[in-house]
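Thanks for sharing this one. Here are a few friendly notes to read alongside the model.

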Amino acid sequence: MKVSRLAYALSLKLKDFKGKRILVAFSGGLDSSVLLELLLELKPRLNFELGVAHIHHGDEASLIQKKYRDEALNFSKARADAIGCHFFFEKFSGQRLDSKETHTQNASSEANLRKVRSALLEKLRVENKFDLLTLAHHA
């Protein structure tokens, strides 16, 4: 089976996860969509199970933000269903989150939001017995 050069490069990083369970963080944006497509391309070659995880940033926002967040959640679930992957999601308020990882920080800054998302994604990974969590984002 021929794969793209980018998928091949990723396969070298994932070779130790052949036959394992991989959870991909999926926002529905370009970065996570590309990662998901690359993982789908590699799935037959590396024979891993793929799950899709989404973090909903909560309802404490303007109606426009809430609508966008709900649409992103629905899109993510529909995409996971379309490719035959299990779908997992967490919703948080965006104000405070009690956990060891976030130390009940205010989640209003982008850096703190990233920490909260990471903690929630790791929680999903552990609870659902995935071996690896993959994330994609630009710098």
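The points below cover the aromatic pairs, a charge over a ring, and leucine 132.

1. This is a predicted model, where local features need pLDDT of at least 70, side-chain atom pairs count only at pLDDT 80 or more, and totals for chains, interfaces and linings use all residues. Residues are numbered from 1 along each chain as its sequence is written, and side-chain values use heavy atoms, leaving out hydrogens and water.

2. There are 3 aromatic pairs, counting rings of Phe, Tyr and Trp (its six-membered ring) with centres within 6.5 Å; planes under 30 degrees apart are stacked, over 60 edge-to-face and the rest tilted. Phenylalanine 87 and phenylalanine 89 are stacked, because their ring centres are 6.2 Å apart and their planes meet at 25 degrees. Phenylalanine 88 and phenylalanine 130 are edge-to-face, with centres 5.6 Å apart and planes at 80 degrees.

3. That second pair joins strand β3 (residues 86-91), home of phenylalanine 88, to the loop between α4 and β4, which holds phenylalanine 130, so it ties together parts 42 residues apart in sequence. Helices (H or I, at least four residues) and strands (E, at least two) are DSSP runs, numbered from the N terminus.

4. Arginine 21 lies over the face of phenylalanine 130, 4.0 Å from the ring centre; the rule asks for NZ of Lys or CZ of Arg within 6 Å of the ring centre and within 35 degrees of the ring normal.

5. Leucine 132 sits in strand β4 (residues 132-134). Its C-alpha atom is 7.9 Å from that of phenylalanine 17, 115 residues apart along the chain.
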